[in-house]
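Open the structure in your viewer and show it as a cartoon. Keep the sequence panel visible, since the tour moves by selection.

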Amino acid sequence: MKRLFTLSGFILALTLFGTVHAGKLPTYYPEHFQGSGVIDRIDFGSREIVVNDSLLALSDTVTLNSLSKEGDSLGRLHKGVHIGYRYDNIDGLKLITTIWLLPSNYGQSRD
């Protein structure tokens, strides 16, 4: 029985740490993003990305920032990844210039 309580306490501590830790983003992340969502599809050849069913274009100079590194590899982008982004509006087309990787639970309330 003592083992069960110890294990339960350990799991609770990890859960609380993860909840608190997930809410903190690196200082090089902006306070707000122009857009955010989950990548549905990405095609580096055509410089297209679909986020939450919206087609966007990738700038030729797009940069990626991750939770561990400012200026990370675009190879980390794939279907299912949660991102925040900044874009320029060129003739009605959103051209993404900067992307930030986000924790999968980003923006979820703690209700």
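The stops below go from the whole chain to single residues.

**The whole chain**

Begin with everything selected, and keep in mind that this is a predicted model. The chain holds 1 helix and 5 strands. Followed along the sequence, these elements come in the pattern α-β-β-β-β-β. Of the 111 residues in the chain, 31% are buried. Switch on a surface next: the chain exposes about 7600 Å², and carbon and sulfur atoms supply 55% of that area. For contacts between residues at least 6 apart in sequence, 55% join residues at least 24 apart.

**Stop 1: Ser59**

Select residues 54-65, which form strand 3, and pick out Ser59 within them. Is Ser59 buried or exposed? Its relative accessible area is 8%, so Ser59 counts as buried, the cut-off being under 20%. Now display what lies around this residue. Leaving aside residues up to four places away in sequence, Ser59 touches Arg47, Leu95, Ile96 and Thr97. Two of these partners, Thr97 and Arg47, are the next stops.

**Stop 2: Thr97**

Move to strand 5, residues 93-101, where Thr97 sits. Thr97 has a relative accessible area of 19% and is therefore buried, as the limit is under 20%. Which residues does Thr97 touch, not counting those up to four places away in sequence? Show Ser59, Thr61, Val62 and Thr63, then add Arg86, Tyr87 and Asp88. Ser59, the previous stop, is thus seen again from the other side of the contact.

**Stop 3: Arg47**

Go back along the sequence to the loop between strand 1 (35-43) and strand 2 (48-51), and select Arg47 there. This residue is one of the contacts of Ser59. With a relative accessibility of 24%, Arg47 is partly exposed, because the value falls between the 20% and 50% limits. Check the backbone as well. Most residues other than glycine have a negative phi. Arg47 is not a glycine, yet its phi is positive, at about 60 degrees.

**Stop 4: Asp53**

Finish in the loop between strand 2 and strand 3, with Asp53 selected. What is the phi of Asp53 near? The angle is near 70 degrees, again a positive value in a residue other than glycine. Colour the residue by accessibility: Asp53 reaches 72%, so it counts as exposed, which requires over 50%.

Note on methods:
Residues numbered from 1 in each chain as written. Predicted model: local features only at pLDDT ≥ 70, side-chain atom pairs only at ≥ 80, totals over all residues. Heavy atoms only, no water. Helix = DSSP H or I, 4+ residues; strand = E, 2+ residues; numbered from the N terminus. Buried < 20%, exposed > 50% of the residue type's maximum accessible area, 1.4 Å probe, protein only. Contact = heavy atoms within 4.5 Å. Areas by Shrake-Rupley, 256 points an atom, 1.4 Å probe, with all protein chains shown as cover.
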